[in-house]
Every structure is written in structure tokens, then in C-alpha cells.
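Student: Hey, I've got a new structure open and I'm a bit lost. Can you walk me through it?

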Amino acid sequence: MGLSTIGDNQVARRVEDEIFRSGRDLRGTGFRTLMFGALAVSVFILAVLIVQVVVDGWPTLTGRFGDFWSGTLRSRSSDEGLGISQGLKGSIWIAAFVALFSFPIGVSAAIYLEEYAPRNWLTNTIDIAIRNLAGVPSVVYGLLGLFLFVKTLNGGQSALFAGGLTLAILVLPIIVITSAEAIRAVPSSLKQGAYGVGATQWDVIRTQVLPFAAPGILTGTLLSLSRAVGEAAPLILVGAITGRLAARDSSLIDQLGERFTAMPIVIVGWVRNSGADEGFGPAAGAAIVVLLALVIAMNSVAVLLRGYFEKKRG
Amino acid sequence: MADISISNSSTAAVGSLSVEALAGPQKRARKEALIRSVFLLASLVSILISVLIVVSLVRESWTFMTQVDWSVTWGQNGWRPRRGLYDMPTLLVASLIVTVIAMLVAGPLGLGAAIYLSEYASKKTRSFFKPILEVLAGVPSVVLGFFALFFISPQVIERIGRNGWLVIGAVIIIAYLAVIAGWTRNLVRREAGTELATQIKRVLTLTALVATALILIWWVNSVAGSGDPASADFFSVKRSGQLAAAAVGVGILTIPLVASVSEDALASVPQELRSASAGLGARKLTTTVQVVLPAAVSGIVAAFIIGISRALGETMVVFMAGGAADEATFTSSPFEGSLTMTAGMASLATGTDNVVGEGLTFQSLYFVGFVLFLLTLFLNIAAGRFVNRVRERY
């Protein structure tokens, strides 16, 4: 409570420094800066990556906007008809396969594991299988698709349904794991309340568990959709086309049995051609801008959705 | 009072309310059982897929293993499947180089980011950076392949040049040696004075010195030995990339994975440990390095193992930027082009309608896949063990 002179202030600051060591803990500050540097570098790389790809691809994307969307795979980069329409079509098909097969099977499996499964060897085996499947490299799923769908079921001919089913299998464990997490987070009081008024187990799942877990399940599904759309290695193994693909107008059902390509495969093909024909480089860049926009949009929606519900439920 | 008796023994069921009555209509129970079995079937799909993967891998690679002349799988100086030469060391060494360099990138960056996010970042900083890292996790590998080929290879690897890489490599090797030396010193100090400690010290010092010398020789060799001998200071421009560029790309892909698993491990360390450390007068740095990190070490080891497994299984980046197309010559230098196990499989499957070539080409694909599958399975199981250890402790 004394007079506050300049001298007093200095003493006070020294005492404060002694206590908090803010000005003197060089090693602590250095360590903190180093750790922040690691985080900043990781994020900086992402920024450089996006800028670099956009710079490379922008002229092609805007220069011949309409043609690029409606164009097809060609053998020369100077060809007017060069474009990504076949790749987009293939990727939409793959997303449809994931939505049609992985989503219902994955969510059902998660419901069984969280709501029904007794503690026995079978449940344990299922659990171990799912965990290990999630860590299997994506090329190995390609080998499975090649063996099962191409060689065994389709007489050695590659087809769209083989690629779609392979990727549906690839993302299945991701959907099961994220959905199971969402279902586990449902408060048991909600379920007890429903049982208390006479609901059966299926009633409880239908009216309480699923509505509450829906945002989490949706987030997981979106993440796995974007994973499937961006995945290339398994598709290459099951024989997606990187070179030229004849444009055909066939019915939806016929398309399933035809040869196919997808956005990431188009990119790989063009990048590999760019050694001989430089014009393919920018074209690949433009295709990447489209793919990246798609994937980042899906991921951001998923992350924001989760954040919104986490905040809402406290 | 006797007319409403609740009983669960059938012999005494005189009342109007019995367990049978409580069970509800049979139709309802049958519907419930049906629904349950549908869900059970869905969850059995995962076992079916696992079995199918193993069956397809074993079947085809068994054909390869029983029919191949084993001399073409070892010491052939190159992976040339279309000509019947399946040299495994070529693929294994390339995979090793890519995985090590990728982890040199992803390990420190991922762990550092995790430490900052978990121990230092304010809530606001966290909610800004974490979604960005999650977006980085979602970038498709073909994008990293493109980036590695058109940016990392010409703008980073080749621009830094031969002399630059000599220095950078030496610094990294010596830094790691310093970390290992410090770690052994702590280990030995704990056992100080005993006969065992002196023995451990001798063995470890000797191994570390020999290992460092070997790594340094390999490094100087591979930096000096690659590129065009005519241009002394620069690597020859490789339009198709090289292993080092691909490996850095793989490393960037692995950062978010290492970061998120290590962050989970750090977050599972109880807050009481930090408070106790602070209460004893430890600074933030001391608390983080000597209390939190040792407590989370199992989880961090798991994060690194999962990262290694991911880097080993990454295909497209190496396939696009690894600097080799259909076949690869044996190399131990990261500045040359080669094929990893995964890229070797992808390159076998591209370009043609079906996998064709000498008799066993198709089966060789499954043989390589089987080796890769076993390696990653082993790593993932090991990582799972470490994660469980953290869970059990806290």
C-alpha cells in the first residue's frame, strides 16, 4: 500500500519474475516455441500444398472450363476433348456403392456390437477382426478385389462393380468404428427411460439410440465417403483405366459391368503421362483442384457437424 | 390380497400375473429375435472379409512359393516381374528407406504438434489448429504424389543439392545419436555403480558408435554416388522423382496420424500428475518432459508404430513420385528411383488390361501383398498392445 514509485515497480516485477520466471525460463520458452514450430510447419505444409496445386491447375480449370468437365480421357494433352467427366462419373458410382453397402452393413454391425453383443468369444473375434481390418493397407484390399470380384466372379474382366465393392469393403471398418463410438456415447438414462415405459430393445434403438447417435454416425460416414472417393491404390489393383476409355452411352445397369475409371485414377494416369507429354501436368493439377475441393468440403462438413453437436450437448 | 400374487414358479401360478404374461405377445418376441439376428449377420461380415483376405493372399502366394525358382527372388539386382526376376531385397530396401525418411518427417512434427496441442495450447488455439490437422489427414494420397513429384522433388530435394544434403543428413544422424546417448545415460545412471550398469554402458556405447559410423558411411555414399558425376554440385533433374521426394510426401501424409494418436496418449495422462509436479515446484518444461511424456510413453510408441505401418502401406505417393515405372534396379540411395513393395504391386497392375507377363507374375503380386500384410498386421497388433497398456494404467 506504499507509494508506488518507479523503484517499487521494479522490485515488484523482479518478485513476479522470481515467481513466474516468465522472462528467465529460456529453456521452457525455447521448448514451447519448438513444439509450436512443429504444429505450424505441419499446417504450413498444407497451405503450400493447396496453393501449389491451385497455381498449377487453375489455368486449365478456368481456361477451358466447360470442356474440362465434359471431356474424357485422351492420349494427347493437346486434345480438345481432354477432361474429367468419366472420372467424376466413376467417383460418383463409388460413393453410391459405399452409401448402399457399407453404410447399412456398417451401422448394423455397430448396433449389434454396442447394443446386443454378449461378452463371448464371438464378439471378441468380431472386435479383433474389425480392428485389424482398419489397419490393413489399402493395396491389400485391392488384391482381395482382384481375386474375388475380377478373377473369381467376373472371369478376369475388370468392371465398375468390382471397384465399387472393393472400396465399400475398404471403408466398412471405419464406418463400424465411428458409428460404434457414436452409439456408445448415448446416455443410458435415455435407454432406461424408454425401457421403463415398455419399449422393446428394437423400439429403444429406433426411437432413442439412433436419433441421438445420428450426428456421429453421419460424421463417420462422410469421412469414409471422402476416403473412398480419394483412394486410388485398390482401384489400380482391380484394373481401373488410366489410359484411354471409350465413351459410351449405356444404361445404369450395363455400366456396372463395364470398364471404369475414377477421379484419383485420372490424376495418376495424367501425372505418369506428364513425363512424355508435359501438358498432362497442369491437367492433373486441375483435376486435383476438383478432387481436393470435393474431399475437403466433405471433411469440413463432417468436422463442423461434430463440433456443432459437441457444443450443443456440452 | 391373494388374488394378485406375482410368482415366478409355474407350480404356484395361481395369480393373474405371471412371467409368461409379462413377456408380452410371442409375435413381438419373434420380431425382436429376427432383428437381432440381422444385426448379428451384419457384424459377421467383418469376419468374412478377414477370412477372404487371408484366403486370397495365401492361395495365390502359395502357388508362387511352391513353383518359383527361389534364386530369382534374391540377389538379382532388380525387381523385373515381367521378365521373371522377383528380387525381394530391391523392394524391401526401398520400403525401408521410404519408411525411415517418412518417420523422420512425421515423428518429430507429429509428436511436437501433439505436445503443443495437449500441453500448451489455449482452448481457442486448439479449436483453430485441430480441424486443420484433421483436414490434412483427409488429403488423398494422389494429391501428395503430385505434390512430391512437382514440388518436393524439384524445389526441395534438388534445390538443396548434394552438399546441403550431406550436412543435413549428418546433423540428423548426430542429433539422433545425442538423443540415444542421453537416454542411455539416464538408464545407466539409475543402475549406477553396479556391475550391470558398466556392462550395459559398454555394449550400448559400442553399438551406437558402430551403427552411427555405418549410417554415416551409407549416407555419404548414397549422396555422393547419385546423380550425374559431371555435375558435381547438383543432382541431375529427375523428371520422375526419386525415393527421397516420395518419402517426404509419405511423411507429410503420416503427420496427422502420429499427432492424433500421441495426443490421445498425452490426454489420457491424469491431470493429478501434472498438478503434483507443479506443486513440487517443477516448471512447465520439467513437468512435460519428465512427468507427462514418460507417463504417456506407451501411447507415443504406439503412435510411432501405427505411423510406420501406415508409411509401409502407402502406395500412390511412391508409385507417382518414386522415380521408377515398371521395374526397378536395386538401390540403397534415397536419391535414386526405385519401387517399394506397395508401388511394385501398383505398377504391376497398371497399363495392361490384366496382369500379364512371365508365368508367375500374377502370383508374385500376391506374394508381395502377403509379406506386406504380415508386416503391417504384426505392427498393428504391437501398437494395440501398447495402447492397451496406457488404458490399463490410468
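Tutor: Sure, and one term before we start: two residues are in contact if their C-beta atoms, placed from the backbone, lie within 7 Å. Also keep in mind that this is a predicted model.

Student: Okay, so how many residues does the contact take from chain B and from chain A?

Tutor: It takes 73 residues from chain B and 76 residues from chain A.

Student: Which helix gives the largest share of chain B's side?

Tutor: That's helix H2 of chain B, residues 26-67, with 19 residues. By class, the side of chain B that touches chain A has 45 nonpolar residues, 19 polar ones and 9 charged ones.

Student: Switching topic: what does the sheet in chain B look like?

Tutor: It's an open sheet of 3 strands in the order S2-S1-S3, with antiparallel pairing.

Student: Why do S2 and S3 of chain B each have one side without a neighbour in the sheet?

Tutor: Strands S2 (85-86) and S3 (328-329) of chain B stand at the edges with a single partner strand each, so one side of each is left free of a neighbour in the sheet.

Student: And what packs on that sheet?

Tutor: Helix H3 of chain B, residues 88-120, touching S1, S2 and S3 of chain B. Its direction makes about 115° with that of S1(B).

Student: Which residue stands opposite Trp79(B)?

Tutor: Tyr86(B), in S2(B).

Student: Last thing: what's the mean pLDDT of chain B?

Tutor: It's 81, and 86% of the chain B residues reach 70 or more. Over residues 1-13 of chain B, though, pLDDT stays under 50. The model scores ipTM 0.84 and pTM 0.84.

How values were computed. Residues are numbered from 1 along each chain as its sequence is written. Chains are lettered from A and ligands numbered from 1 in the order in which they are written. This is a predicted model: local features need pLDDT of at least 70, side-chain atom pairs count only at pLDDT 80 or more; totals for chains, interfaces and linings use all residues. Helices (H or I, at least four residues) and strands (E, at least two) are DSSP runs, numbered from the N terminus. Ala, Val, Leu, Ile, Met, Phe, Trp, Tyr, Cys and Pro count as nonpolar, Asp, Glu, Lys and Arg as charged, and the others, Gly among them, as polar. pLDDT is the predictor's confidence in each residue, from 0 to 100. Two strands pair if DSSP finds at least two bridges between them. Axes are lines fitted to C-alpha atoms, for helices over the stretch in contact, and angles run from 0 to 180 degrees between N-to-C directions.
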